[in-house]
Structure formats: C-alpha cells, structure tokens
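Please look over the sequence and the model below before reading on. The report takes up a few parts of the chain in turn.

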Amino acid sequence: MDKFVKLTGVAAPLPVVNVDTDMIIPKDYLKTIKRTGLGTGLFAEARYNEDGSPNPDFVLNKPAYQNAKILVAGDNFGCGSSREHAPWALLDFGIRCVISTSFADIFYNNCFKNGILPIKVSQEDLDKLMDDASRGSNAILTVDLENLEITGPDGGTLKFELDEFKRHCLLNGLDDIGLTLEKAKAIDSFEKSNASSHPWAA
C-alpha cells in the first residue's frame with residue numbers, strides 16, 4: 001500500500017448527503033475482485049448518460065475536476081452495503097482523500113485498508129472546504145497527515161483529528177498484510193522455537 005504523508009491536489013465538491021456505496025460503485029461493476037479498472041465505474045449512474053456518454057453536469061466530468069485527488073462530500077458518506085469495491089473505485093480514479101462530517105463505519109475502515117484518508121470535520125469546517133472546492137481549477141487543498149492539517153487555496157489551515165494507530169498505518173503504508181509482515185522475525189523465531197515440540201507446525 002502506498003504511503004500517505006502529504007497530498008496536494010484538486011478537491012472536488014460533492015454536496016450530497018447519504019452517498020451510499022451503490023452510488024459510489026454500482027452493482028454492475030462488482031463482478032471483479034481486482035482492484036484496478038474500477039475507476040471508470042466510479043459514480044457511474046451520475047457520471048454517464050443512458051447512452052454511455054459523459055454527463056457534463058457531474059462534477060468529476062467538468063474539466064477542472066477530472067483529475068481530482070480529494071473529494072469534499074456531504075454527511076454520512078459511504079453508507080449502504082459493505083462493498084470494498086467502493087474505496088477501490090475511488091483509489092483507481094485517483095482520489096486518496098475524502099472529507100466529510102461523518103462516514104459509515106465499514107466504509108471508513110475500508111478506506112484505511114486501501115490507502116485512502118477519510119477525514120471527519122465539523123459542519124462549519126466542511127462548509128469552508130466545500131467553498132474552497134467550488135473554485136474550479138483553483139480548488140487546491142493540501143492535506144498534511146503528519147501535522148493533521150488541511151491548507152486551503154487562500155493559505156488558511158484547518159486542524160483535524162485521527163486515531164493514532166490509523167495515522168501510523170497510512171504514514172507507513174501498512175495494510176493488514178503489511179502489519180503482519182512487520183512481525184515476520186518474531187513469527188519465524190516462534191516457529192523455530194516450537195518446531196521440536198510441535199513438529200506438525202514446522
């Protein structure tokens with residue numbers, strides 16, 4: 001998993017509450033277990049017209065936001081089913097940070113396992129960031145995970161909070177497998193010390 005230390009990029013505004021995982025990645029795209037290629041299906045029902053052409057009114061189709069790295073969204077983002085394809089689709093599109101006032105628990109935890117930083121802020125701070133994100137090509141935010149700060153296009157900063165363990169994992173690019181591999185030497189040592197008394201474990 002790629003480390004997340006500091007991210008600077010265009011922030012796209014999505015002022016919609018209760019964005020569920022079916023809206024993030026519709027069920028038609030759940031036939032694969034690969035993490036790549038899902039970016040085309042991100043918000044597919046809103047991004048594309050019935051004939052498959054891009055919907056020019058959807059934010060991620062607008063020229064200023066086609067390469068967005070940050071999403072500023074309404075309350076209760078990621079609700080609905082537990083599909084891990086939702087963070088996969090966001091990541092494959094290029095979005096590595098989602099900012100909202102609240103997230104569904106399963107989606108929130110899945111983000112950390114896939115290198116995406118979900119940030120919870122107050123409604124007042126979200127309103128400010130939503131305004132920043134509405135500036136088109138000037139909607140540049142910097143998310144500094146080391147210092148737990150978000151810097152807006154005008155240079156103003158907002159502080160945010162995050163569980164220290166989750167912060168550690170993102171800063172060091174550690175998913176569940178990576179955390180296990182950190183203990184590889186201890187695991188090997190345990191296996192060798194128990195090999196004689198437990199030969200079936202050797």
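## Ala46 and its contacts

In this predicted model, Ala46 touches Asn55 and Phe58, leaving aside residues up to four places away in sequence. Ala46 belongs to helix α2, which spans residues 44–47. With a relative accessible area of 21%, Ala46 is partly exposed, because buried is reserved for values under 20%.

A further distance can be given for Ala46. From C-alpha to C-alpha, Ala46 and Leu60 are 9.7 Å apart in space, and the two are 14 residues apart in sequence.

## The chain as a whole

The chain holds eight helices and seven strands. Of its 202 residues, 45% are buried. Among contacts in the chain with a separation of 6 or more, 65% are between residues 24 or more positions apart.

## Helix α3 and what covers it

Helix α3 is mostly covered, with seven of its nine residues buried. These buried residues are His85, Ala86, Pro87, Trp88, Ala89, Leu90 and Phe93. Several elements take part in covering them, including helices α1 (21–24), α2 and α4 and strands β2 (70–73) and β3 (97–100). Helix α2, the helix in which Ala46 is placed, is thus one of the elements that cover the buried residues of α3.

After α3 comes Gly94, which has a positive phi, near 120°.

## The packing of α3 and α4

Two packed helices are described by the angle between their axes and by the distance between those axes. For helix α3 (residues 85–93) and helix α4 (residues 105–113), the angle is about 50° and the axes are 9 Å apart. Because of that angle, α3 is oblique to α4. The crossing of the two helices is right-handed.

On the α3 side, the contact is made by Ala86, Pro87 and Leu90, and on the α4 side by Phe107, Asn110 and Cys111. Sorted by class, this contact has five nonpolar residues, one polar residue and no charged residues. Ala86, Pro87 and Leu90 also appear among the buried residues of α3.

## Cysteines

How many disulfides does the model contain? The count comes to zero, where a disulfide would need a pair of cysteine sulfur atoms within 2.5 Å. Cys97 is in no disulfide, and the nearest cysteine sulfur, belonging to Cys111, is 9.4 Å away. Cys111 is one of the residues through which α4 makes its contact with α3.

Are Cys97 and Cys79 buried or exposed? Cys97 is buried, with a relative accessible area of 0%. Cys79 is buried as well, with a relative accessible area of 14%.

## Positive phi outside glycine

Two asparagines come next. Asn18 is a residue other than glycine with a positive phi, near 60°. Asn18 sits in the loop between strand β1 (6–14) and helix α1. Its relative accessible area is 44%, so Asn18 is partly exposed.

Asn76 is not a glycine either, and its phi is positive at about 60°. The loop that holds Asn76 runs between β2 and α3. Asn76 is partly exposed, with a relative accessible area of 24%. Strand β2, at one end of the loop with Asn76, is among the elements covering the buried residues of α3.

Note on methods
Residues numbered from 1 in each chain as written. Predicted model: local features only at pLDDT ≥ 70, side-chain atom pairs only at ≥ 80, totals over all residues. Heavy atoms only, no water. Axes fitted to C-alpha atoms, helices over the stretch in contact; angles between N-to-C directions. Helix = DSSP H or I, 4+ residues; strand = E, 2+ residues; numbered from the N terminus. Parallel < 35°, antiparallel > 145°, perpendicular 65-115°, else oblique. Left-handed = near helix turned anticlockwise from the far one by under 90°. Contact = heavy atoms within 4.5 Å. Nonpolar A, V, L, I, M, F, W, Y, C, P; charged D, E, K, R; others polar. Buried < 20%, exposed > 50% of the residue type's maximum accessible area, 1.4 Å probe, protein only.
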